[in-house]
Amino acid sequence: MRARYSLYLFTLPALLVIGLFFVHPILLTFDMSFTNFAGIGEAKEVGWRNYDRIISRDRYLREVWLTLWYTVIVVSALTVTGLFFAAMLHRLPLIRNFSRAALYTPAMMSFVVVGYVWQFLYSPLNGGINVALRDLGLGAWEQNWLGDPSIALYSVAFTQVWMFTGFTCAIFLAGFAGIPEEIGEAGRLEGASSWQRFRYLELPLLGPSVTVSVMLTTIGTLKTFELPFILTKGGPDGATRLLSIDIIDNLFGQYKFGFASALSIVMLVIVLTVAFLQNKVLRDRENAS
Amino acid sequence: MSLSETVTPRTTTGVDRDLLLRRGKSILVHGIVLALVAIMLLPLVYMVMMSFKTATEIAQDPLGLPDSLYWGNYMAALSSMGYVRSVLNSMGITISVIVVVVFAGAMAAYPLARLENRVSRVIVMIMALGLATPNFVTITPIYVIFRDLGLLDSYLGIVLAFAALKLPLAVFFYTSFIAAIPIELEEAARLDNCSNWQIFWHVIRPLLAPVTATLSLFVMIMVWNDFIYPLLLLTDKDKLTVMIAVYKFVGNTGIDPTKLFPAAVLGSIPLLLMFAVFQRKIMAGATAGAVK
């Protein structure tokens, strides 16, 4: 038995790196969240004051809802677009591989590049989208995409969906590939239309792929701050001020390390809670069906 | 009859309206889906197109094709954003992170795949926590730790920070892969009195090549594109990574399209070339978790 446990020596290098640069920082964040640390100088213990402030002010509660709402929009849209392209491409083997790679290309790019390019696409006067609308005779649809508080969040979400549609599509295509041929064949023989086969034969069998896709995109979306950071900086009027943006702003805009740490802990609790609940609900549903 | 089958041309003698109809429909569906894919790629076409336009062209005809391929924007970007240096930096950092992540990850995964007990479960939990934690949660303390250890502005520091970020993924990749390797392979070696290390090195390691390739590509994409770590942890102009070079070159206020677009293309090109070459591997890896 001793020999078996000595096998754990193999985990030492990884645990050392993770311990030093992940576990230790998390504990420090927790520590700092009870101080008014400002980057330099003494950190004074302030007890629960940072957390009090978060809970007692509406604005942070609003940011939490905004973060969750943003995640819901992005994840549902990504599921639908990914499923749509995968269902189509599954039926079109001739263009499947090419299209899958083409759709995946944006996911290979940096948030910095994507953010900048879309910022320009969205710009009100000479931005690509408004000019295209004008050229198509749809000038009435022109918007100040990132400047109008009522649509800015959706513009940012749209960019994120554009970026990762290829990712969910690839996951669903793998799911489709795992569906036995005979099932589609049987559906065809029964005279089921393409939509009926998708809705009643394939979709129920894609449960595991939906689970994987929803979980990965949820965590991924909750973790992003880069797109709103580059596109809107949380504006206009706080319309895209996600919790992550507030954390970054407190850290690097105002050097309120202590308060930012408390916000970070709140964020971490939210991410873990969502991940845990989702895992439970989706797995239960999968097992039930 | 599936649409795919009707695509292959068949010789039709006489009038087979049904077949013609189906083929027409099939061509139409292919056309529509290809058009949708093309629309998804428009922002990239736009990015490349804009990079070849002069400032006047961009102002006068924001969506039009450039009159000629104007390389001036690229010349200006190349000469002032420190591109070559930043590409070398990014490559060096990326390769180092891959080496650390692959070795430490594969080693850690071996006991986790073979021993099922509380110790393994605790380690897996820590890894899962690492996967779910947003990196801006740990960035401040990492900055403070780096400052205290004198790791700020050092390649070693950023490589270790990235490694900690990506190791959980590596451990999950390798654990599921090693768990699928039949234990009988090891038992023969164990009978020959091989040590754990010898078994790992001579029996397990050679089998890990496919998953290592996929993982390396994943780590490369993430490290190459990441932006908050190098932005905070590296300040020396000579140590900047590609994305920071892009970010600093473009600036954050009053964005100039003649700078933005060539920099965006230059920043993306190395990875997009990699993608073109290793497309199949990356796509296989991207879905590895979903198929199981």
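What follows is a dialogue about reading a predicted two-chain model, with chains A and B.

Trainee: Before I look at details, which conventions and which pLDDT limits apply here?

Mentor: Residues are numbered from 1 along each chain as its sequence is written, and chains are lettered from A, with ligands numbered from 1, in the order in which they are written. This is a predicted model, in which local features need pLDDT of at least 70 and side-chain atom pairs count only at pLDDT 80 or more, whereas totals for chains, interfaces and linings use all residues.

Trainee: What are the scores of the model, and where in chain B is confidence lowest and highest?

Mentor: The model scores ipTM 0.84 and pTM 0.87. For single residues one reads pLDDT, the predictor's confidence in each residue, from 0 to 100. Chain B has a mean pLDDT of 84, with 91% of its residues at 70 or more. Within chain B, confidence is highest in helix α5(B), at 92, and lowest in helix α15 (residues 288-291), at a mean of 46. Over residues 1-8 of chain B the pLDDT is below 50, and this stretch has 16 contacts in the model beyond near neighbours in sequence. Where pLDDT is low, the predicted coordinates should not be read in detail.

Trainee: How many helices and strands does chain A have?

Mentor: Helices (H or I, at least four residues) and strands (E, at least two) are DSSP runs, numbered from the N terminus. By that rule chain A has 14 helices and 0 strands, and its C-alpha atoms fill a box of roughly 75 × 70 × 35 Å along the principal axes. Two residues are in contact if their C-beta atoms, placed from the backbone, lie within 7 Å. Among contacts in chain A between residues at least 6 apart in sequence, 70% join residues at least 24 apart.

Trainee: What span should helix α11 of chain A have, and which of its residues are buried?

Mentor: The expected span of a helix is 1.5 Å times one less than its number of residues. Helix α11 of chain A (residues 207-223) has 17 residues and should therefore span 24 Å, which agrees with the 24 Å between its end C-alpha atoms. For burial, one counts the other C-beta atoms, placed from the backbone, within 10 Å of a residue's own: 20 or more make it buried, 12 or fewer exposed, and anything in between partly exposed. The buried residues of α11(A) include A:Val210, A:Val212, A:Ile219 and A:Leu222, and also A:Ser209 and A:Thr217. Over chain A, buried residues make up 46% of the 289 residues.

Trainee: Which residue in the loop between α12 and α13 of chain A has a positive phi, and is that residue buried or exposed?

Mentor: A:Asp237, in that loop, has a positive phi of about 60° although it is not a glycine, and A:Asp237 counts as exposed because it has 12 C-beta neighbours inside 10 Å. A:Lys233 is found in the loop between α12 (226-231) and α13 (243-253) of chain A; its phi is near 55°, a positive value in a residue other than glycine, and A:Lys233 is partly exposed, with 16 other C-beta atoms within 10 Å.

Trainee: How many residues of each chain are in contact across the interface?

Mentor: Contacts join 72 residues of chain B with 77 residues of chain A. The side of chain B that touches chain A has 56 nonpolar, 15 polar and 1 charged residues, where Ala, Val, Leu, Ile, Met, Phe, Trp, Tyr, Cys and Pro count as nonpolar, Asp, Glu, Lys and Arg as charged, and the others, Gly among them, as polar.

Trainee: At what angle do helix α2 of chain A and helix α5 of chain B pack?

Mentor: Axes are lines fitted to C-alpha atoms, for helices over the stretch in contact, and angles run from 0 to 180 degrees between N-to-C directions. Helix α2 of chain A (residues 12-32) and helix α5 of chain B (residues 83-114) pack at about 115°, with their axes 7 Å apart. The contact is made by A:Pro13, A:Ala14 and A:Val17 of α2(A) with B:Ala104, B:Gly105, B:Met107 and B:Ala108 of α5(B), and its residues divide into 6 nonpolar, 1 polar and no charged.

Trainee: Which residues is B:Val242 in contact with?

Mentor: B:Val242 lies in helix α13 of chain B (residues 242-250) and is buried, with 33 other C-beta atoms within 10 Å. Leaving aside neighbours within four places in sequence, B:Val242 is in contact with B:Ser86, B:Val87, B:Ser90, B:Trp224 and B:Gly267.
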